[in-house]
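The following exercises ask for a careful reading of strand pairing and of a ligand site. Each task is followed by a solution that goes step by step.

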Amino acid sequence: MTVVKADAYGHGLRQIAALLMQAGTDIFGVANLNEARDIRAVGRGWPIVMLGACLPDEVERAVKDNVMPTLSTVDEARRFSRTAKKLKRTVNAHVKIDTGMGRLGVAPEHAAELLDAIARLPNLNAVGLYSHFASAESDAAFSRRQRSQFNKLVKQLTASGHTFTHVHMNNSAGLLHEPDSIYNLARPGLLVYGVLPHGRRRVTAAMKRNLRPALAWSCRVSLVKNIAKDTPLSYGRSFIAPRRMRVATLTAGYGDGFMCSAAGNAKVLVGGKLCPVLGRVTMDQMLVDVSKIKSAKPGDEAVLIGRQGKQEITAHQLADWTGTLPLEVLTAIAYRVPRVYRGGQAA
Ligand SMILES: *Cc1c(COP(=O)(O)O)cnc(C)c1O
């Protein structure tokens, strides 16, 4: 199952969905029904699992759109059964077990009850059983506990006659760190986009070497000027030049998703060199120190994530500078930033 929620982690859902259909992904994982519709607009017929909970007033639409829901309660199951019956459809659902994430899912001790109830309800099948790691990237002991709890439950349920087409638990971090499992489906998001999960557990050098981020993000230099010592820069005069400097204005700001918390910490690449962000990031523009790049001129590329010459800024690095996670950095890239696709055949 390829997880494409949040506009395919900021990469552009429709284009990524098209590419994944060509690549032959088996199932799509989405957070909500709007994302499911976007996938349907690209290609019909692909199985889609909604990983978020379906609100009572969304059930009819989920059934009509043939989206497989995640079920945590008998109430949800009843709503789907009733609606499916009314619409003369059959709903294939994935039942979620809460083994320690505390978000969605039924407690393991009530799982059999829920599955027995589903088995008695018309027009509803539990085709999938899954759980979710809370910290597979950081905490080996807790992840093993989650995994063994889920494995034990799968065995019990199977022994009492329940069968599932798909049993799944591994997100990207689970795939990297908890791979010896009985599951027949994985749910990677981050790894598909070439980004490692952010955590304490070590990843093999081979994995680090072979994984390449799919996304690069750049803007342009719009103006370059030399400023005198003590010149104030940006809103709130948030930077005062400590010496004569060469400063470039860039065509991106927080309105494009470049975090405000970058001020004073982050760098961007201009002319193949790391240039510090100066003063507050504004909505549409920001200022960077290009004192070391004599050739900097309007029109030059400024890389926010990606490679330029020998240097690279990763989503992890930008997340460190701005005090957040790589996932937030990627999903924050705003809609107004044009996505350009290279080397793929997808639309
Ligand atoms: C987001 C999500 C995933 C994918 O997680 P990654 O860490 O990006 O691999 C898998 N399963 C569920 C339930 C999710 O919400």
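**Exercise 1.** In this predicted model, identify the bridge partner of glycine 29 in E3, and then place that pair within its sheet.

*Solution.* Begin with the residue pair itself: glycine 29 has valine 49 of E3 as its bridge partner. Next, widen the view to the strands, where E2, spanning residues 28-30, is joined to E3 by three bridges, and the two strands run parallel. These strands belong to an open sheet of three strands, ordered E1-E2-E3 and paired in parallel fashion. The edges of this sheet are formed by strand E1 (2-3) and strand E3 (48-50), each of which pairs on one side only. As background, strands of a sheet pair through backbone hydrogen bonds, and the pairing may be parallel or antiparallel.

**Exercise 2.** Trace the pairing from E12 through E13 to E14, and state in which sense, parallel or antiparallel, each pair runs.

*Solution.* Start with strand E12 (residues 267-270), which pairs with strand E13 (residues 273-278) over four bridges in the antiparallel sense. Within this pair, proline 276 of E13 is found opposite lysine 267. Then follow the chain through the hairpin of E12 and E13, where two residues lie between the strands and glycine 271 adopts a positive phi near 60 degrees. Finally, turn to strand E14 (residues 286-289), which is joined to E13 by two bridges and runs antiparallel to E13; here valine 288 of E14 stands opposite valine 277.

**Exercise 3.** Describe the surroundings of the ligand: which residues come nearest, which polar atoms lie at what distance from ligand atoms, and how much of the ligand's accessible area does the protein cover?

*Solution.* First, consider the shell, in which 13 residues surround the ligand, with Lys5, Tyr9, Ser172, Arg187 and Gly189 coming nearest. Sorted by class, this shell contains five nonpolar, four polar and four charged residues. Second, examine individual atom pairs: a polar side-chain atom of arginine 187 is 2.8 Å from a nitrogen atom of the ligand, while a backbone N or O atom of glycine 189 is 2.8 Å from an oxygen atom of the ligand. A polar backbone atom of leucine 190 lies 2.9 Å from an oxygen atom of the ligand. Third, turn to the cover, for which the ligand on its own has 390 Å² of accessible area, 90% of which the protein covers. Last, locate the site among the pockets: the ligand takes up the space of the second largest pocket.

Terms used: Residues are numbered from 1 along each chain as its sequence is written. This is a predicted model: local features need pLDDT of at least 70, side-chain atom pairs count only at pLDDT 80 or more; totals for chains, interfaces and linings use all residues. Side-chain values use heavy atoms; hydrogens and water are left out. A residue is near a molecule or strand if one of its heavy atoms lies within 4 Å of it. A polar contact is a pair of N or O atoms within 3.5 Å; within protein, one must be able to donate a hydrogen and the other to accept it, and residues adjacent in sequence count only if both atoms are side-chain atoms. Accessible areas come from the Shrake-Rupley method with a 1.4 Å probe; for residues, only the protein chains shown count as cover. On a 1 Å grid over the protein atoms alone, a cavity is a set of points where a 1.4 Å probe fits but cannot get out, and a pocket is an open set with protein on both sides within 12 Å along at least five of seven lines; lining residues have an atom within 4 Å of a point. A molecule sits in a cavity or pocket if more than half of its atoms lie within 2 Å of its grid points. Ala, Val, Leu, Ile, Met, Phe, Trp, Tyr, Cys and Pro count as nonpolar, Asp, Glu, Lys and Arg as charged, and the others, Gly among them, as polar. Two strands pair if DSSP finds at least two bridges between them.
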